[in-house]
Amino acid sequence: MLKPKALTKVLEQANTGGVRCTLLLNLEGTLMAYAGKSDKKETITAAIAANIWMSNERGASSGQLANLTFIVLDCMDGKVAIRRVAGLLLCMYTNNTIGLGLLKAKADVLAGYLQTPLSQIASSSASS
């Protein structure tokens with residue numbers, strides 16, 4: 001069983017070097033876990049990230065795009081990275097100083113670390 005406090009601590013470890021917050025959300029945009037500086041916009045960020053992801057997946061399923069694995073948005077206030085992990089979405093919001101390569105590397109490492117425990121939870125809840 002994955003403990004919420006442990007999950008938050010894992011997400012907190014990514015919040016260095018320009019990463020402001022790290023979110024874990026389902027495909028509908030519901031916030032599952034969050035770590036970072038709170039500005040009360042986490043649920044809005046989660047909903048927008050899920051909407052962007054699902055819009056791009058619909059394009060991929062219609063043959064317009066290749067298989068989607070990673071999205072980076074370059075915004076005025078910073079960058080947003082969205083990556084799928086075990087049926088959920090990992091979203092990292094950063095300031096403008098972080099490079100895209102470092103952001104992708106952080107998201108890939110965190111997703112790799114979370115893949116097995118989150119997959120086990122997903123498979124156990126599906127078999128129940």
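## A tour from Arg-83 to the buried strand β5

Begin by selecting Arg-83, which is partly exposed, with a relative accessible area of 22%. Bear in mind throughout that the model you have open is a predicted one.

With Arg-83 still displayed, show the side chain of Asp-108 as well, because a salt bridge, for which the nitrogen and oxygen must lie within 4 Å, is what you are looking for here. The side chains of Arg-83 and Asp-108 meet in such a salt bridge, with 2.8 Å from N to O. This pair ties together distant parts of the chain, since Arg-83 belongs to strand β4 whereas Asp-108 sits in helix α3 (residues 100-127), and 25 residues separate the two.

Now centre the view on Asp-108, which counts as partly exposed at 26% relative accessibility, and add Lys-104 to the selection. The side chains of Lys-104 and Asp-108 also form a salt bridge, here with 2.7 Å from N to O. Both of these residues lie in helix α3, four residues apart, which is about one turn of the helix. Lys-104 is partly exposed too, at 37% relative accessibility. Keep the three side chains on screen together, and you have a network of salt bridges that links Arg-83, Lys-104 and Asp-108; the count of salt bridges comes to two.

Return next to strand β4, selecting residues 79-85, and then add strand β5, with which β4 pairs in the antiparallel sense over seven bridges. To see where the two strands come together, pick Val-85, whose bridge partner in β5 is Leu-88. The hairpin of β4 and β5 has two residues between the strands, and in this hairpin Ala-86 is worth picking out, as it takes a positive phi near 50 degrees.

From β5, move to its other neighbour in this tour by selecting strand β1 (residues 19-25), which runs antiparallel to β5 and is joined to it by six bridges. Leu-25 offers a convenient landmark, its bridge partner in β5 being Leu-89.

Finally, select β5 by itself (residues 88-94) and ask how many of its seven residues are buried. Seven of the seven are buried, so the strand is largely enclosed by the rest of the structure. Colouring the side chains by face shows that both sides are covered, with Leu-88, Leu-90, Met-92 and Thr-94 buried on one side, and Leu-89, Cys-91 and Tyr-93 buried on the other.

Terms used. Residues are numbered from 1 along each chain as its sequence is written. This is a predicted model: local features need pLDDT of at least 70, side-chain atom pairs count only at pLDDT 80 or more; totals for chains, interfaces and linings use all residues. Side-chain values use heavy atoms; hydrogens and water are left out. Buried means under 20% relative accessible area, exposed over 50%, partly exposed in between (1.4 Å probe, protein chains only). Two strands pair if DSSP finds at least two bridges between them.
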